[in-house]
Amino acid sequence: MLTGFWYRALPADRVHRNQLHKATLLEIPLVIGRDRLGKPFALRDACPHRGMPLHCGRFDGENLECGYHGWQFDVHNGQCELIPSLTSDQKLKVDRIYAGSYPCEEQDHFIWVYIPDPGPPGAGFGPPAEAPEPSPEVEKFSGKYKVAYLQAEMPVSIDHGIIGLMDPAHGPFVHQAWWWRTRHSIHEKQKHFEPIPNGFRMSAHTPSSNSAPYKFLRLYAEADSITTTIDFRLPNIRTETIRAGKYWFSSLTTVTPITRSHCRIDVVAAWNLFRWVPFVPELLKYVFAKFVEQDRRTMELQAEGLRYNPHLMLIDDADRPAKWYFQLKSAHLESKRTGQPMTHPMTGAVTLKWRS
Ligand code: FES
Ligand SMILES: [Fe+2]
């Protein structure tokens, strides 16, 4: 589980003003809420006094009061504001005490939380870390568009979640549907990949002609003007952009580590296609939800097999993206350890071939 990155915590429409919500990211318990003005915040869900979960406390839209001894904290930086048990002659510097607090942003229907590298073991909390960059955003190519999200929990580790997401060979077996493709439409494919910072790109290409949505897109644009580009970057981000003339569809999918053995997939999609056609958003959401549910179900079954710690393998070329993922991850950790710039595992463009 990689620290020093932004992670999606909760869908924004589930986090209401003056309320407290629990969430877990990278095995860190969090309490998430919005202040009186709607600005989101994220605190570690444990009081720095004696560890009482802060979500059991009282929140007035500004300060959070712990339910055990009433210490009060500023929700945006975790700073202690009041310790009710202190008498007027006791000079404890209350404002030097902090509850753990994390940078928090709302972006494209999600509350994102920045998880910094852990401090030295045993150290308490200070003022929150600063995120080096804003939270990731779904790319948009016009002023007007629609957005939708969906999510699913998977009982597998982040690594299995991610390599499942980028795996090209499971499509014909897991994602069968009459309106998409059947296992008989399997054929040889060739895709070009190139390195990008912290990840890799499946270069812009004309999508495979055997899938129904792309046949549909051709009603809107010339076949060879339709391109799709898929990027993966650390720690957990997959973006897909489909462009067909002035029309576009763009998605940002993340696989978020909840605990060592659980992850969650969140997909946010934005598009300007078919904005005026009724039911298309519903239809798109249905298609997406079906795909995600097929993946979820598969990983649920896979988790049964993984329980016995089987010997596993990655084969060329279909599992090469998975190999890059593991190599990127260790290159990233190595660069953090040494302070040297990261050595990208890919030295240049690569063409992969597989049947799917
Ligand atoms: S445990 Fe929170 S105030 Fe004591
Ligand atoms: Fe899938």
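Reader: Which residues does Tyr-325 touch, leaving aside those up to four places away in sequence?

Author: Contact here requires heavy atoms within 4.5 Å. In this predicted model, Tyr-325 touches Ile-158, Asp-159, Ile-162, Ile-163 and Met-166, and also Phe-200, Phe-232, Leu-234 and Pro-235.

Reader: Which residues touch the most other members of the largest nonpolar core?

Author: A nonpolar core joins buried residues through side-chain atoms. The largest one here has 49 residues, and those that touch the most other members are Leu-25, Ile-32, Val-113, Ile-115, Phe-193, Phe-200 and Tyr-325. Apart from this, a second, separate core of 16 residues includes Phe-41, Leu-43, Val-94 and Ile-97.

Reader: How many residues of helix H1 are buried, and what covers them?

Author: Buried means under 20% relative accessible area. By that criterion H1 is mostly covered, with 7 of its 8 residues buried. These are Ile-158, His-160, Gly-161, Ile-162, Ile-163, Gly-164 and Leu-165. The covering elements include the strands S15 (226-233), S16 (237-244), S17 (247-259) and S18, together with the helices H4 and H5 (320-338). Ile-158, Ile-162 and Ile-163 are also among the residues that Tyr-325 touches.

Reader: Which atoms coordinate the iron ion (ligand 2)?

Author: A coordination site is read from its donor atoms, and water is not among the atoms considered, so sites may look incomplete. The iron ion (ligand 2) is coordinated by NE2 of His-170, NE2 of His-175 and two OD atoms of Asp-295, at 2.1 to 2.5 Å. The donor residues follow the spacing H-x4-H-x119-D in sequence. His-170 and Asp-295 link distant parts of the chain, 125 residues apart: His-170 lies in the loop between H1 (158-165) and H2 (171-174), whereas Asp-295 belongs to helix H4 (residues 280-306). Both His-170 and Asp-295 are buried.

Reader: Why is the arrangement around the iron ion (ligand 2) irregular?

Author: Four donors count as tetrahedral if all angles lie between 85 and 135 degrees. The 4 donor atoms around the iron ion (ligand 2) subtend angles of 56 to 148 degrees, and the arrangement is therefore irregular.

Reader: How many cavities of 30 Å³ or more does the structure hold, and what lines the largest?

Author: A cavity is a space in which a probe fits but from which the probe cannot get out. The structure holds 2 cavities of 30 Å³ or more, and the largest has a volume of about 70 Å³. Its lining includes Tyr-149, Phe-249, Trp-271, Lys-285 and Phe-288. Strand S12 (146-154), strand S18 (262-271) and H4 each give two or more residues to this lining. The largest share, 4 residues, comes from S18.

Conventions: Residues are numbered from 1 along each chain as its sequence is written. Chains are lettered from A and ligands numbered from 1 in the order in which they are written. This is a predicted model: local features need pLDDT of at least 70, side-chain atom pairs count only at pLDDT 80 or more; totals for chains, interfaces and linings use all residues. Side-chain values use heavy atoms; hydrogens and water are left out. A nonpolar core is a set of buried Ala, Val, Leu, Ile, Met, Phe, Trp, Tyr and Cys residues joined through side-chain atoms within 4.5 Å. Buried means under 20% relative accessible area, exposed over 50%, partly exposed in between (1.4 Å probe, protein chains only). Donors are N, O and S atoms within 2.8 Å of the metal (3.2 Å for Na, K and Ca); water is not among the atoms, so sites may look incomplete. Four donors count as tetrahedral if all angles lie between 85 and 135 degrees; four count as square planar and six as octahedral if opposite donors are over 155 degrees apart and all others between 65 and 115; anything else is irregular. On a 1 Å grid over the protein atoms alone, a cavity is a set of points where a 1.4 Å probe fits but cannot get out, and a pocket is an open set with protein on both sides within 12 Å along at least five of seven lines; lining residues have an atom within 4 Å of a point. Grid points are joined across faces, edges and corners, and a volume is the space filled by probe spheres set on the points.
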